[in-house]
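Q: Please take a close look at one residue and the strands around it. Start with its contacts, then work outward.

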Amino acid sequence: MAIQATYERHPDLGCEAVVFIDDESMACFQIQRDLTGGPRADEYCVSTGASAPVYGAITQWRRVDDRFEFALTSRAGRLFGDEVLSFVVTPGDGATVDELAEHVDRLLR
């Protein structure tokens, strides 16, 4: 499964995110964090883009070439239909896979 991935920074909403979208189904998986000074800037969350956020939802992640793999908590797994998400990333908006991986690492710290 190839997934379009972008990094988004929204000062007007007070957050930044790495957004993964399946072009065929339009399913969305996003990792989001409040910008510095925001009420929850010290923790990340995941969302479908339309769901309530799930904080601390990723127990482990890794990158294998262009494939990103995320191990999720059981609560997040119920939201996304599986406790492991694994997909090939196609960068959007001129980003590279390396840059997207750096954003994921930073958001999860």
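A: Begin with Phe68. Leaving aside residues up to four places away in sequence, Phe68 touches Phe20, Trp61, Arg62, Arg63, Leu85, Ser86, Phe87, Val89, Val97, Leu100, Ala101 and Val104. The model is a predicted one.

Phe68 also belongs to the largest nonpolar core, which has 25 residues. Phe20, Phe29, Ile31, Val46, Phe68 and Phe70 are the members that touch the most others there. Helix H2 is the biggest contributor to this core, giving five residues. H2 spans 97-108. Among the contacts of Phe68, Val97, Leu100, Ala101 and Val104 fall in that span.

Now the strands. Phe68 sits in E7, which covers residues 67-72. Strand E7 pairs with E6 in the antiparallel sense, over six bridges. In that pairing, Arg63 stands opposite Phe68. Strand E7 also pairs with E8, residues 84-91, again antiparallel, here over five bridges. On this side the bridge partner of Phe68 is Phe87 in E8. Arg63 and Phe87 both appear among the contacts of Phe68. In a regular strand, side chains alternate between the two faces of the sheet.

The wider sheet is open and has eight strands. Its order is E5-E4-E3-E2-E1-E8-E7-E6, with mixed pairing. Strands E5 (54-55) and E6 (58-64) are the edges, and each pairs on one side only. Elsewhere in the sheet, E3 (residues 28-34) and E4 (residues 44-47) pair in the antiparallel sense over four bridges. Arg33 stands opposite Tyr44 in E4. Core members Phe29, Ile31 and Val46 fall within the residue ranges of these two strands.

Back to the E6-E7 end. These two strands form a hairpin with two residues between them. Asp65 is in the turn, and its phi is positive, about 55 degrees. Asp65 is not a glycine. Is Asp65 buried or exposed? Asp65 is exposed, because its relative accessible area is 62%, and exposed means over 50%.

Asp93 also has a positive phi of about 55 degrees without being a glycine. Asp93 lies in the loop between E8 and H2. With 70% relative accessibility, Asp93 too counts as exposed.

To draw this together: Phe68 has Arg63 opposite it and Phe87 as its bridge partner in E8. Phe68 is also one of the core residues that touch the most other members. The loop on from E8 holds Asp93 and leads to H2, the element that gives the most to the core.

Notes: Residues are numbered from 1 along each chain as its sequence is written. This is a predicted model: local features need pLDDT of at least 70, side-chain atom pairs count only at pLDDT 80 or more; totals for chains, interfaces and linings use all residues. Side-chain values use heavy atoms; hydrogens and water are left out. Two strands pair if DSSP finds at least two bridges between them. Buried means under 20% relative accessible area, exposed over 50%, partly exposed in between (1.4 Å probe, protein chains only). A nonpolar core is a set of buried Ala, Val, Leu, Ile, Met, Phe, Trp, Tyr and Cys residues joined through side-chain atoms within 4.5 Å. Contact means heavy atoms within 4.5 Å.
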